Amino acid sequence: MVQPLHIIGAHIWNGHEVVRRDLYTTDRVTEKPASGTMTVDLAGYTIFPGLVNAHDHLELNHYPRSKFREVYDNAHQWGEDMNARLDTEPYKSLRAYPLWDKLFIGGLKNLLCGATTVIHHNPPHRELWRKDFPVRVLRKYGWAHSLHFSTDAEVVASYRSTPRMSPGSSTWRKARTR
Ligand SMILES: [Zn+2]
């Protein structure tokens, strides 16, 4: 159960401008206060909507900055450099962390950056939808690693196995272009 809040005193970004108004929340913004509301005075603070991070690999956020050349022409070059080092340190040890720890670090990093919803670009781990995961993660999605690292057959198979009416699926695209 999410603690209902009555937020007073804060400046609020409404998508166009900063306004001063009270805000009622449960797990979402509501018109009126819910029962059991706790009042929080956020005078001096500004509230923004959570950002949506449209591309992350949540189990890889604990790697250090990984740059092996001065300049990369594209992400594929970097991916090849990275893949060649995955079984060397520090990546070997970092890859051995428990899955939950790796995912939690990724979720927490997003939250601290202001992202409250994340699109995960890797297999859909069950842990991503635990109630104590720091951010919301899109649940119904299809994904392919990349046009560079995946074979044509893998990309086609992933496209065909994308759940109907989820972002990226053929049914979703058709519905949007109608
Ligand atoms: Zn990716």
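In which sense do strand 9 and strand 10 pair, and over how many bridges? In this predicted model, strand 9 and strand 10 (residues 136-137) pair in the parallel sense, and two bridges hold the pairing. One point of reference in this pairing is Thr117, which stands opposite Arg136 in strand 10. With this pair as a starting point, the rest of the structure can be followed step by step.

The chain as a whole comes first. It contains five helices and ten strands. Its C-alpha atoms fill a box of roughly 55 × 45 × 30 Å, taken along the principal axes. The radius of gyration of the chain is 20 Å, whereas a compact globule of 178 residues would have a value near 16 Å. Buried residues account for 11% of the 178 residues. Among the contacts with a separation of 6 or more, 59% are between residues 24 or more positions apart.

The sheets come next. Strands of a sheet pair through backbone hydrogen bonds, and the pairing is either parallel or antiparallel. Strand 9 belongs to an open sheet of three strands, arranged in the order 8-9-10, with parallel pairing. Strand 8 and strand 10 stand at the edges of this sheet; each has a single partner strand, so one side of each is left without a neighbour in the sheet. On the strand 8 side, four bridges join strand 8 (residues 51-56) to strand 9 (residues 115-120), and these two strands run parallel. Here the bridge partner of Val52 is Thr117 in strand 9. Thr117 thus serves as a reference point for both pairings, being matched with Val52 of strand 8 and with Arg136 of strand 10.

A second open sheet is built from four strands in the order 5-4-1-6, and its pairing is mixed. Its edge strands are strand 5 (29-30) and strand 6 (38-41), each of which pairs on one side only. Both senses of pairing can be seen by following strand 1. Strand 1 (residues 5-8) pairs with strand 4 (residues 23-25) in the antiparallel sense over three bridges, and within this pairing His6 has Tyr24 as its bridge partner in strand 4. Strand 1 is also joined to strand 6 by four bridges, and those two strands run parallel. In that pairing, Ile8 stands opposite Asp41 in strand 6.

Attention now turns to helix 3 and its relation to the parallel sheet. Helix 3 (residues 99-112) has 14 residues, which at 1.5 Å a residue should span 20 Å; the end C-alpha atoms are 20 Å apart, so the model agrees with the expected span. Helix 3 lies across strand 8 and strand 9 and runs at about 135° to strand 9. The buried residues of helix 3 are Lys102, Leu103, Phe104, Gly106, Gly107 and Asn110, and what covers them includes strand 8 and strand 9. Just after the helix, Gly114 takes a positive phi of about 95°.

Two of these helix residues deserve a separate description. Phe104 lies in helix 3. Why is Phe104 classed as buried? A residue counts as buried if 20 or more other C-beta atoms lie within 10 Å of its own, and Phe104 is buried because it has 21 such atoms within 10 Å. Phe104 and Leu60 are 44 residues apart along the chain, while their C-alpha atoms are separated by 10 Å. Leu103, when residues up to four places away in sequence are not counted, touches Leu58, Glu59, His125, Glu127 and Leu128. Both Leu103 and Phe104 belong to the largest nonpolar core, whose eight residues also include Leu58, Val118, Leu128, Phe133, Val135 and Val137.

A last local feature is found in a loop. Pro90 is placed in the loop between helix 1 (75-83) and helix 2 (91-95). The peptide bond that joins Glu89 and Pro90 is cis, with omega of about 5°.

Technical notes: Residues numbered from 1 in each chain as written. Predicted model: local features only at pLDDT ≥ 70, side-chain atom pairs only at ≥ 80, totals over all residues. Pairing = 2+ DSSP bridges. Expected span 1.5 Å × (residues − 1). Buried ≥ 20, exposed ≤ 12 C-beta atoms within 10 Å, placed from the backbone. Contact = placed C-beta atoms within 7 Å. Core = buried A, V, L, I, M, F, W, Y, C linked by C-beta atoms within 7 Å. Rg over C-alpha atoms; globule rule 2.2 N^0.38 Å. Axes fitted to C-alpha atoms, helices over the stretch in contact; angles between N-to-C directions.
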